[in-house]
Amino acid sequence: LQFAIHEREKMVPEHIEKHQYIEDACEYIRHHLDNEGLSIAEVAEHVFLNQVYFGRLFKQTMNMSFKKYVLRTRLEYAKQLLEESEDSINDICTKVGIINPSYFSKLFKQEMGMLPSEYKKILQ
């Protein structure tokens, strides 16, 4: 087994392998944004890495924490939904995994500088 591991490590440069873990993790995050409880432990398990190591690798690669990345991804998706769909803000909250609409509005305003309802009005 050790021989097989060593041979595989020689075949794939370390930076490519690490990048693939993060790419797989980001894909998983995008497909599970509606899960309010999406956690670093769940994503680390999905890519078969230790949670602590994954957290460090994620921050090093993405230049932000896992939590910040998930929040930004959720808010960017919410922004896209506000632009492209007729969904209510409550429906969008559910789709991005932030179930409490007032908390969602607060986070959206902090990140985007306006409330989701204001953003939606601008688009009309």
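**Figure 1. V52 counts as exposed, with a relative accessibility of 55%.** Exposed means over 50% relative accessible area, buried under 20%, and partly exposed in between (1.4 Å probe, protein chains only). V52 sits in helix α4. Its C-alpha atom is 8.8 Å from that of A41. Along the chain, V52 and A41 are eleven residues apart. This is a predicted model, in which local features need pLDDT of at least 70, side-chain atom pairs count only at pLDDT 80 or more, and totals for chains, interfaces and linings use all residues. Residues are numbered from 1 along each chain as its sequence is written, and side-chain values use heavy atoms, with hydrogens and water left out.

**Figure 2. The chain is built from eight helices and zero strands.** Helices (H or I, at least four residues) and strands (E, at least two) are DSSP runs, numbered from the N terminus. Read from the N terminus, the order of elements is α-α-α-α-α-α-α-α. The chain has 124 residues, and 31% of them count as buried. Take the contacts (heavy atoms within 4.5 Å) between residues at least 6 apart in sequence: 51% of these join residues at least 24 apart.

**Figure 3. Six aromatic pairs turn up in a search of the whole structure.** Rings of Phe, Tyr and Trp (its six-membered ring) pair if their centres lie within 6.5 Å; planes under 30 degrees apart are stacked, over 60 edge-to-face, the rest tilted. One pair is F54 with F66. Their ring centres are 6.3 Å apart and their planes meet at 65°, so the pair is edge-to-face. F54 belongs to helix α4 (residues 51–62) and F66 to helix α5, so this pair ties together parts twelve residues apart in sequence. Both F54 and F66 are buried. F58 also pairs edge-to-face with F66, at 5.7 Å centre to centre and 70° between the planes. F58, too, is buried. Ring pairs join F54, F58, F66 and Y69 into a cluster.

**Figure 4. Helix α5 has buried residues at F66, Y69, V70, T73, R74, L75, A78, L81 and L82.** The helix has 19 residues, and its end C-alpha atoms are 27 Å apart. That agrees with the expected 27 Å span, taken as 1.5 Å times one less than the number of residues. T73 is a residue of this helix. Its relative accessible area is 13%, so T73 is buried. Neighbours within four places in sequence aside, T73 is in contact with R30 and L33.

**Figure 5. The largest pocket has 14 lining residues.** A pocket is an open set of 1 Å grid points over the protein atoms alone where a 1.4 Å probe fits, with protein on both sides within 12 Å along at least five of seven lines; lining residues have an atom within 4 Å of a point. The largest pocket holds about 300 Å³ of space, the volume filled by probe spheres set on the points, which are joined across faces, edges and corners. K67, V70, L71, R74 and Y103 are the lining residues nearest the pocket centre. Helices α5 (66–84) and α7 (101–112) each supply at least two lining residues. The most come from α5, which gives six. V70 and R74, both in that central group, are among the buried residues of α5. By class, the lining counts eight nonpolar, two polar and four charged residues. Nonpolar covers Ala, Val, Leu, Ile, Met, Phe, Trp, Tyr, Cys and Pro; charged covers Asp, Glu, Lys and Arg; the others, including Gly, are polar.
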